[in-house]
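Hi,

Here is the structure I said I'd pass on. Have a look at it first, and then read my notes underneath.

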Amino acid sequence: VAIEKECGRILAQRAIRQTMDTIKAVGGHATYHAVDVRDADAFGAVVDSIYERHEHVDGVIHGAGIIEDKLLQHKTSESFSRVYETKVLGAQTLISRLRDDVGFVAFFSSVSGAFGNRGQTDYAAANDALDKLALSLNESLPGRIFSINWGPWGGAGMISPELETEYNRRGIDLIDLDEGVAAFLDELS
């Protein structure tokens, strides 16, 4: 378990570096902040610091999430809270700190919030909460606020090799990276 955790950390750092390098290669500028989005003060301070540097925020993509799949009878309340709060508390902090000038807020939700998925009561509940939050906020805030119920992505996101195998066994196609990006940009426009 410790080896898998360390491998995951190393692979995540590698993915971050690759993303930052890609942004730089196409002429963009990015900064990376490591923060627990469940910590409203720490995450809120990051949002505030972005406003201090840039004076406004054009748009936000909230893609935070973790999965700790287990049947409900085997899930601890701490695990449930970690999974649920990562999506929901992070979204609530964003909404409380963003100003009226934000053009859009996109929540990356999951189809599991609408249809459920074995071992994902916490993840499904969190995604359902994001969907309802987006609907509610889109009526009361300027800018566009929406939630996309993604299926599993191939080559990115939260899918493990084991989960990819299970989806293949069940005949569920993974979202191609280029097609997923195009779908997001289409929804955004």
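Below are my notes on two helix pairs and one pocket.

A bit of housekeeping: this is a predicted model, with local features needing pLDDT of at least 70 and side-chain atom pairs counting only at pLDDT 80 or more, while totals for chains, interfaces and linings use all residues. Residues are numbered from 1 along each chain as its sequence is written, and side-chain values use heavy atoms, leaving out hydrogens and water.

Let's start with α3 and helix α5 (residues 121-140), whose axes come within 8 Å and cross at roughly 15 degrees. Because angles under 35 degrees count as roughly parallel, α3 is roughly parallel to α5. Their crossing is right-handed (the near helix is turned clockwise from the far one by less than a right angle). On the α3 side the contact (heavy atoms within 4.5 Å) includes Phe80, Val83, Tyr84 and Ile95, and on the α5 side Leu130, Leu133 and Leu137 are among the residues they meet. By class, this contact has 13 nonpolar, 3 polar and 2 charged residues.

Next, helix α2 (residues 40-54) and helix α3 (residues 77-97): here the axes come within 10 Å and cross at roughly 40 degrees. That makes α2 oblique to α3 (neither under 35, nor over 145, nor 65 to 115 degrees). This crossing is right-handed too. From α2, residues including Phe43, Val47 and Tyr51 meet Gly90, Thr93, Leu94 and Arg97 in α3. The residues here divide into 6 nonpolar, 3 polar and 2 charged.

Finally, the second largest pocket (an open set of points on a 1 Å grid where a 1.4 Å probe fits, with protein on both sides within 12 Å along at least five of seven lines) holds about 170 Å³ of space. Its lining (residues with an atom within 4 Å of a point) consists of Asp69, Asn117, Arg118, Gln120, Leu163, Glu166, Tyr167 and Arg170. Of these, 4 are charged, 2 polar and 2 nonpolar.

Cheers

Definitions and conventions: Points joined across faces, edges and corners; volume = space filled by probe spheres on them. Nonpolar A, V, L, I, M, F, W, Y, C, P; charged D, E, K, R; others polar. Axes fitted to C-alpha atoms, helices over the stretch in contact; angles between N-to-C directions. Helix = DSSP H or I, 4+ residues; strand = E, 2+ residues; numbered from the N terminus.
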